Amino acid sequence: MDLSIVVSTCNRAEDVERLLASLAQATGRTVHTWELVLVDNGSETAAAAAVHRLATEAPFPLRYAFERRRGKSSGLNSGIALAAGRIIALTDDDTIVPPDWIDRIVDHFDSHPEATVIGGAVKL
C-alpha cells in the first residue's frame, strides 16, 4: 500500500463527513493504493455512532479504531500503529483535501526518496 492517511477525531462527525466526501472525490483520480485510518478519540455516544456509521459507508479502504485515551497525540499514535502504508499522512478531521492530494503526496516521496517529511499550505 502506498499511503495511509491518519485522522484523529473527537465529537466532530459533520467535519468527518466533509473530509470523507473530499477523499471520495480523490479516489477516482488516483492510481495509488491508499487507506484512511480514522481514530475516534473518545467522542460522546451520538458522535461516536455517527463517525462509526460514516466509517462503515466509506467508498474506499478505511480502518476504524476507538481510542479512549484523550488527546490528539493519543489518537494519532493509535492510528499510526494501525497504518499499513509505506507513507503516512496526517491531517485534521476538518480538512477538505483537493482531488489531487493523494497523488501529490505519493509522487513527491517517489521523486524524492531521501525526503522523510513534507508539509503544505493550509487555507482557512
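# A walk from fold to pocket

Start with the whole chain in cartoon view: read along the sequence, the protein follows the pattern β-α-β-α-β-α-β-α. That comes to four helices and four strands. Keep in mind as you click around that this is a predicted model.

**The whole chain.** Stay zoomed out for a moment. Along the principal axes, the C-alpha atoms fill a box of roughly 45 × 30 × 25 Å. The radius of gyration is 14 Å, which agrees with the value near 14 Å for a compact globule of 124 residues. Now switch on a surface. The protein exposes about 6,900 Å², and carbon and sulfur atoms supply 52% of that. Buried residues make up 46% of the 124 residues. If you like drawing contacts, take those between residues at least 6 apart in sequence: 78% of them join residues at least 24 apart.

**Helix H4.** Next, select 101-111, which is helix H4. Which of its residues are buried? Show side chains for Trp101, Ile102, Asp103, Ile105, Val106 and Phe109: those are the ones. To see what they pack against, add strand S1 (3-9), helix H1 (13-27), strand S2 (34-40) and S4. While the helix is on screen, a reminder: an α-helix has 3.6 residues a turn, so residues three or four places apart point the same way.

**The largest pocket.** Keep H4 selected and go looking for empty space. The largest pocket holds about 940 Å³. It is lined by 25 residues, and the closest to its centre are Thr91, Trp101, Gly120, Ala121 and Val122, so select those five to find the spot. Then colour strand S4 (87-90) and helix H4, the elements that give two or more residues to the lining. Which element gives the largest share? That's H4, with five residues. Trp101 is worth a second look here: this residue is on the list of buried H4 residues and also among those closest to the pocket centre.

Try colouring the lining by residue class, too. You should find 15 nonpolar, six polar and four charged residues.

**The segment after H4.** For the last stop, move past the helix to Lys123, in the segment after H4. Is Lys123 buried or exposed? Its relative accessibility is 79%, so Lys123 counts as exposed, the cut-off being over 50%. To finish, draw a distance from Lys123 to Gly71, C-alpha to C-alpha: the two are 52 residues apart in sequence and 24 Å apart in space.

Methods. Residues are numbered from 1 along each chain as its sequence is written. This is a predicted model: local features need pLDDT of at least 70, side-chain atom pairs count only at pLDDT 80 or more; totals for chains, interfaces and linings use all residues. Side-chain values use heavy atoms; hydrogens and water are left out. On a 1 Å grid over the protein atoms alone, a cavity is a set of points where a 1.4 Å probe fits but cannot get out, and a pocket is an open set with protein on both sides within 12 Å along at least five of seven lines; lining residues have an atom within 4 Å of a point. Grid points are joined across faces, edges and corners, and a volume is the space filled by probe spheres set on the points. Ala, Val, Leu, Ile, Met, Phe, Trp, Tyr, Cys and Pro count as nonpolar, Asp, Glu, Lys and Arg as charged, and the others, Gly among them, as polar. The radius of gyration is taken over C-alpha atoms; the globule rule is 2.2 Å times the number of residues to the power 0.38. Buried means under 20% relative accessible area, exposed over 50%, partly exposed in between (1.4 Å probe, protein chains only). Contact means heavy atoms within 4.5 Å. Accessible areas come from the Shrake-Rupley method with a 1.4 Å probe; for residues, only the protein chains shown count as cover.
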